[in-house]
Amino acid sequence: MTVATIFIDNAPREVNPKQNLLHVCLSLGYDLPYFCWHPALGSVGACRQCAVKQFRNEQDATGKIVMACMTPAAEGTRISIADPEVVAFRAGVIQGLMQNHPHDCPVCDEGGECHLQDMTVMTGHRQRVYSFGKRTFRNQYLGPLVNHEMNRCIQCQRCVRFYREYAGGHDLNAFHLRDSIFYGRHEDGVLESEFSGNLVEICPTGVFTDATLKHHYSRKWDLQMAPSICVHCGLGCNITAGERYGTLRRVVNRYNHEVNGYFLCDRGRFGYEFVESSLRIRHPLVDGKPATRSEALERFGAVLRKGAVIGVGSPRASLESNFALRALAGPDHFFAGVPDEESRLISAMVRILRDGPARSPSLDEVEHSDAVFVLGEDLTNVAPIMALRLRQSVRQAPMRLAAGLHIPEWLDHAVRETVQDAKGPLFIASPYATKLDDIATATYHASPDDLARLGFAIAHAIDATAPEVIALSPELETMAAKIAAALRGAQHPLVVAGASCRNRGVIEAAGQIAWALCKVGSPASLSFTMPECNSFGLALMEAPPLSEALRTVRSEPVSTLIVLENDLFRRAPANEVTSLLRGVQHLIVLDHLGNPTTDAAELVLPAGTFAESDGTLVNNEGRAQRFFQVLNPSTDVQESWRWLHEVSVAAGSKSMERWEDLDDLTATIAKEIAAFGALPKVAPPRSAVGKIAREPSRYSGRTAMLANISVHEPRPPQDPDSSLAFSMESGPGPVPSSLIPFFWAPGWNSVQAVNKFQSEIGGALRGGDPGVRLIEPSRESVWQYFSAIPPAFKSRSGEWLLIPVFHIFGSEELSRHAQGISQLLPRPYLALNPAEASLVGAKAGGRIKILIEDSQFELEIMLRADLPRGVAGLPAGLPPFDGIQLPLFCKLASVGTEFSARGVL
Amino acid sequence: MLTAEERREIEIKLADYPNKQAMSIESMLIVQRHRGWVSDESLGDLSELLGLSVADLDGVATFYNLIRRRPVGRHVAMVCDSVSCWIMGGERIRDRLCSRLDTTLGETTADGRFTLLPIVCLGACDHAPAMMIDGKLYEDLDEQRLDEVVARYK
Ligand code: SF4
Ligand code: SF4
Ligand code: FES
Ligand code: FES
């Protein structure tokens, strides 16, 4: 990086000349107030808060006031932050902004973590002098997730800039003008964007706040907080979880430059409420009845002594818990707990990333790709933050236009004016239209096999030695050539795919394209989405899939089945699960929420969720990330790995005695499974760091909150697994980035305190971003092109290929039970192309009968012209069909008719 | 529902613009010419026709004070409330107009005859105070002239 020297209040400072003065001042640690600027959104100079005085040269004593966010940090620039005139100017700006503000901090949810409060204090404005009426607004109902209180607005424009320009939303806007600008929807209603929750953090005031927090409100300073990882998709966004009085209160973004940056999706932000759902299991159940901890352990021990055990792990459980079960059951008797096909697909993805030359990028690298091909994925609903990152990636190529005019990247509206509607190459080939299609150069909607064929054709167009696709239509030939050319011409091409189509060809085709690019000398990246938060980690354990468990039960004398954080009825058709369960005498389940599997169990143990546990998850990049317990449950809830450890030690197992706490456990895993060699490095061991307080120094009521039980303040609970303490006491010294419990700095109470933790604003956290990559591409060229190209899809008469249609709210198992999100779930439906619907005499809004294998359902019809012919769509993961393993062929009949043996009557 | 006429006019105009977004002001003005104002329902119809969100359109509509989001009377009088007119006695003219019609700025008379709206600078500063009724400019107003002018609009 080139460096420039600028003078701040006469002191020479080295700064990044590609940035603006506000950015560099904050990076240097100066407290310069601002509102409208945001590191991810750039500068627009709207609020006038970041004023500094700029001098022409050393002799210039007068200077002029400029906006720091709008002025480049060019070599030799001389500015003053402390100049009395500019100090007064900034206080005056706040005074103006506060003129209409209701001054209602005591009843405002933002209070105590409000950027407006922080900036007001920072500028020294303390006395309201305006004595006329304030402008007031009617607030809107924006849905169950985000609350609206417009009177607090200071017109900084951040909300609409984020929502519309950054996240591509259309239903939020600024209305009216002058001194009564309103930010909201055109009428009351649920915000349509999947990223609406970010308004809570983007808005520097209390206009947009977390509506779910409102149900169990606590000030930030009263929250006990811990670093955690989102469990609601495979991307592993970093989150900060907050607890008060033994319950989980909220989740906010935890900045990780490489992964989620400043943002979360609404599933990730609001899904946490499942932890307090009424289905929550908080005490052991023996034979369906509540039992004590010792009764449960006794029963567990008794069952273990009776005979052979098999264990079924889970892609939503931590590596540690999966490993503990593997250790208890033995590596030969541990199964992955995912359907066979999914297991094969995920292994294929991991193998492609490990054996081939294409690297899996971090999400930050995804954003900086300048040509992207998405194959078979509905990213907004499957890996939402990746969709948000890709929305920025299409700005990469056109950004060169602005660069050519010497417009710096951060000068947001000038860049947008220059770029206009120009977008970099993004091609999306998916089974149905996705929300990202609006920014795509071209889209192609087809059945999974046809998508794979397009992919293979692109690979062949890039490198002629890649196998050719036979009998490709001329249009697809042209499209393949176009996409190939765009990818070849890019500096950072990216291919995205995943298991959503449940089609191996799609995955191999994506790999083929990336490999072909690498072969012709392009530094191609290959990003696979993963179905669940630890799908990647579980795949690295290389455990056999679920059907092998059934085979083992049939062929060997197995007395007990232990299921870890997994509802098997979602993994396989009910009859298969039932025959697996019938094959054993004892079923033991560890899980968070009641489900059909726990209902069938003889013994249920209350497993800690991410909020009550420590553990490691591996995201789709192959990055291992640690999450830490935020609440110390007063119930029997604890980590699954701890339950399993306790019971096996009690039952006399020697192998598990060696580890007592998390650090022992990760060291053991690293030793036993080569892929996890770096596991202990994911976060520093407990012994390496002094105490880190989970509670802020203003935490109130510590001595009183348990006084109803005893007036003597109890000793704080001990944490045997990490340096994080359940108290306000911290040792000296900096906190390692993976252990930051919350972002706070003197004078910076809002989430924007993250400024003080970054090596450069918007860059890596000091000491490096958390997480350790477990896989890198192979350096040997042992890979070979795939040659199994599927034939073109042929519609069948009287049968439809049923494919999953993903929903950000509904398709994921846990967030579905969150109080806010549960109000936004789709109703079960069958999606059909109108042409297909007319074949079976079905109309929009009507109902239809559907025969899937042996089960019949009656469903509402949704017409979707974007669905390919011969295909029908079913919402993924939504009961009652969550056990059906798609894709498969189904039959349809209009309500009132019967299915014949050959299909529709 | 947009009338066939409105639709036709919008479609003709569309040809003059590079994209549908650029058509938002013009399309709302077309509706307004036919109906006097732009209702929520019309915004919904335009949103469908142009493929822009209602929020997009309403953001534009509420930014421009010549696009009216509430029904107006038979005649619309726009009274300048900017500097030159203020110096030249614009407030007197405004008060007289309001009391004659027994209503206030931003309101419509009970009989639906007039809607009074404030406007900034009609560009007639050299003949201040000024006012515009149904698109026709009236300059150098005093009480007597105001009365005469208003009487012309039934
Ligand atoms: S609502 Fe919040 S983000 Fe939007 S303009 Fe007002 S203060 Fe800024
Ligand atoms: S994108 Fe995935 S990991 Fe990130 S917040 Fe959303 S659900 Fe969580
Ligand atoms: S932050 Fe610089 S003008 Fe708003
Ligand atoms: S100020 Fe009234 S016309 Fe210019």
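Here are four short exercises with worked solutions on this predicted model.

**Exercise 1.** Find where His176(A) sits in its chain, and decide how exposed it is.

*Solution.* Start with the location: His176(A) lies in the loop between strand S7 (173–175) and strand S8 (182–184) of chain A. Next, look at the backbone: His176(A) is not a glycine, yet its phi is positive, about 65 degrees. Finally, take the neighbours: His176(A) has 17 C-beta neighbours inside 10 Å, so it counts as partly exposed, because that class falls between 12 or fewer (exposed) and 20 or more (buried).

**Exercise 2.** Now do the same for Tyr245(A): which loop holds this residue, and how exposed is it?

*Solution.* Tyr245(A) belongs to the loop between strand S11 (238–244) and strand S12 (247–253) of chain A. Its phi is positive too, near 50 degrees, in a residue other than glycine. With 13 other C-beta atoms within 10 Å, Tyr245(A) is partly exposed.

**Exercise 3.** Locate the cis peptide bond that leads into Pro129(B).

*Solution.* First find the bond: it runs from Ala128(B) to Pro129(B), with omega near -5 degrees. Then place the proline: Pro129(B) is in the loop between strand S2 (114–119) and strand S3 (131–133) of chain B.

**Exercise 4.** Sort the residues around ligand 1 by class.

*Solution.* Begin by picking out some members of the shell, including Cys153(A), Cys156(A), Tyr183(A) and Arg158(A). Then sort by class: the shell has eight nonpolar, three polar and one charged residues.

Key: Residues are numbered from 1 along each chain as its sequence is written. Chains are lettered from A and ligands numbered from 1 in the order in which they are written. This is a predicted model: local features need pLDDT of at least 70, side-chain atom pairs count only at pLDDT 80 or more; totals for chains, interfaces and linings use all residues. A residue is near a molecule or strand if its C-beta atom, placed from the backbone, lies within 6 Å of it. Ala, Val, Leu, Ile, Met, Phe, Trp, Tyr, Cys and Pro count as nonpolar, Asp, Glu, Lys and Arg as charged, and the others, Gly among them, as polar. Helices (H or I, at least four residues) and strands (E, at least two) are DSSP runs, numbered from the N terminus.
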